[in-house]
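Work through the following exercises with the sequence and the 3D structure at hand, and try each task before you read its solution.

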Amino acid sequence: MGWFVAEFGWNLLVVAGGIALFALPFVVVFFLRHRRDIRDKQPHINQFMEFFLVSRESNALVFCWAFAEALVWWVIPEFLLALIVFMKVRHKLSLLTYDLAGTLVGTVVALTWRLPDDVLLRVPYVFPRMLTQTDEWYRTMGTLALVNQPFSGVPYKVFLAHAPTMGLWSALMFVGFAVVVRISRYLIGYSVAVALFPIVHPFVYRNYMRLLIAAVVIFTLLLMRVSALYS
């Protein structure tokens, strides 16, 4: 039991600390740009978050988050968007658009850069078995191997770094298919969120920070489960 608590604590620090450090520059810029309004209105933390999520800084955060996750970032964009869609944010589709754009650009860069295995394995929650499993999927399924990504626990960046070498036309087809697979679970989750929004939003608004903490804990436990499967 003590080992699990220590392991969980360390993983929670990696996840929560990483999220905080990644988001901090965008939140600071937003605060500095709107410090007069913030000082005058003194918004509640939930109001502050909703103000932030309709800002240009929020768009930039979502784009950079999705872009970085295709390369070296270890927290999936859905983690951020899952809570956003339940908040009273007017530009939900705009945020999804920036996420898609970040995924698209990140996919192209990752396929061009081809992160070496020795670097890839230094990224948190990437393990050698993930690389060999991905290679096996590509050998047996070709490009269709991408359909395994959303629910396998293998990071998207591994599929991109180990994608087969292709000509220009095949690469374009691969990018298109990869993005479609990548956003399929977004669209499902978004549709469910829109349907549930009138019921769920008041609860989310009152408990946003509690839900955010709970989401970090759940995401950490899921990463630990994936780590146990592939390590």
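**Exercise 1.** Which residues line the largest cavity? Find them in this predicted model, and then describe the lining by element and by class.

Solution. Begin with the search of the whole structure, which finds 1 cavity of 30 Å³ or more, and note that the largest cavity has a volume of about 50 Å³. Next, list the lining, which is made by Ala-70, Leu-71, Ala-110, Trp-113, Arg-114, Leu-115, Lys-157, Leu-160 and Ala-161. Then assign these residues to elements: those that give two or more residues to the lining of the largest cavity are α6 (92-113) and α10 (156-161), and α10 gives the most, with 3 residues. Finally, sort the lining by class, which yields 7 nonpolar, no polar and 2 charged residues.

**Exercise 2.** Describe the protein chain as a whole, beginning with its secondary structure and ending with the confidence of the prediction.

Solution. First count the elements, which come to 12 helices and 0 strands. Then turn to burial, where 45% of the 231 residues of the protein chain count as buried. After that, consider the contacts with a separation of 6 or more, of which 77% are accounted for by residues 24 or more positions apart. As a last step, look at the confidence: the mean pLDDT of the protein chain is 80, and 82% of its residues reach 70 or more. Among the elements, the lowest mean pLDDT (62) belongs to helix α5 (residues 77-84), whereas helix α8 (residues 128-141) has the highest (91).

**Exercise 3.** Is Tyr-125 buried or exposed? Give the reason, and then work out its surroundings.

Solution. Start by placing Tyr-125, which lies in the loop between α7 (117-120) and α8. Its relative accessible area is 11%, and because buried means under 20%, Tyr-125 is buried. Now leave aside its neighbours within four places in sequence, and Tyr-125 is found in contact with Asn-11, Val-14, Val-15, Trp-74, Met-130, Pro-155, Leu-223 and Ser-227. With one of these, Asn-11, there is also a polar contact of 2.7 Å that joins the two side chains. To see how sequence and space can disagree, compare Tyr-125 with Val-226: these residues are 101 residues apart in sequence and 8.1 Å apart in space, C-alpha to C-alpha.

**Exercise 4.** Which backbone atom lies 3.1 Å from the side chain of Ser-152? Set out the position and burial of this residue before you answer.

Solution. The place of Ser-152 is in helix α9 (residues 149-152), and it counts as buried because its relative accessibility is 16%. The atom asked for is the backbone nitrogen of Val-154, which the side chain of Ser-152 reaches at 3.1 Å. A further step adds the backbone oxygen of Asn-148, which lies 2.9 Å from a polar atom of that side chain. Beyond its neighbours within four places in sequence, Ser-152 is in contact with Trp-137, Phe-159 and Tyr-230.

**Exercise 5.** Which residues does Asn-59 touch, not counting residues up to four places away in sequence?

Solution. Locate Asn-59 in helix α4 (residues 56-69), and check its relative accessible area of 12%, which is why Asn-59 is buried. Then read off its partners, with residues up to four places away in sequence not counted: Asn-59 touches Ser-94, Leu-95 and Tyr-98.

Definitions and conventions:
Residues numbered from 1 in each chain as written. Heavy atoms only, no water. 1 Å grid on protein atoms, 1.4 Å probe; cavity = no way out; pocket = protein on both sides within 12 Å on 5 of 7 lines; lining within 4 Å. Points joined across faces, edges and corners; volume = space filled by probe spheres on them. Helix = DSSP H or I, 4+ residues; strand = E, 2+ residues; numbered from the N terminus. Nonpolar A, V, L, I, M, F, W, Y, C, P; charged D, E, K, R; others polar. Buried < 20%, exposed > 50% of the residue type's maximum accessible area, 1.4 Å probe, protein only. Polar contact = N/O pair within 3.5 Å; in protein donor to acceptor, adjacent residues only side chain to side chain. Contact = heavy atoms within 4.5 Å. pLDDT = per-residue confidence, 0-100.
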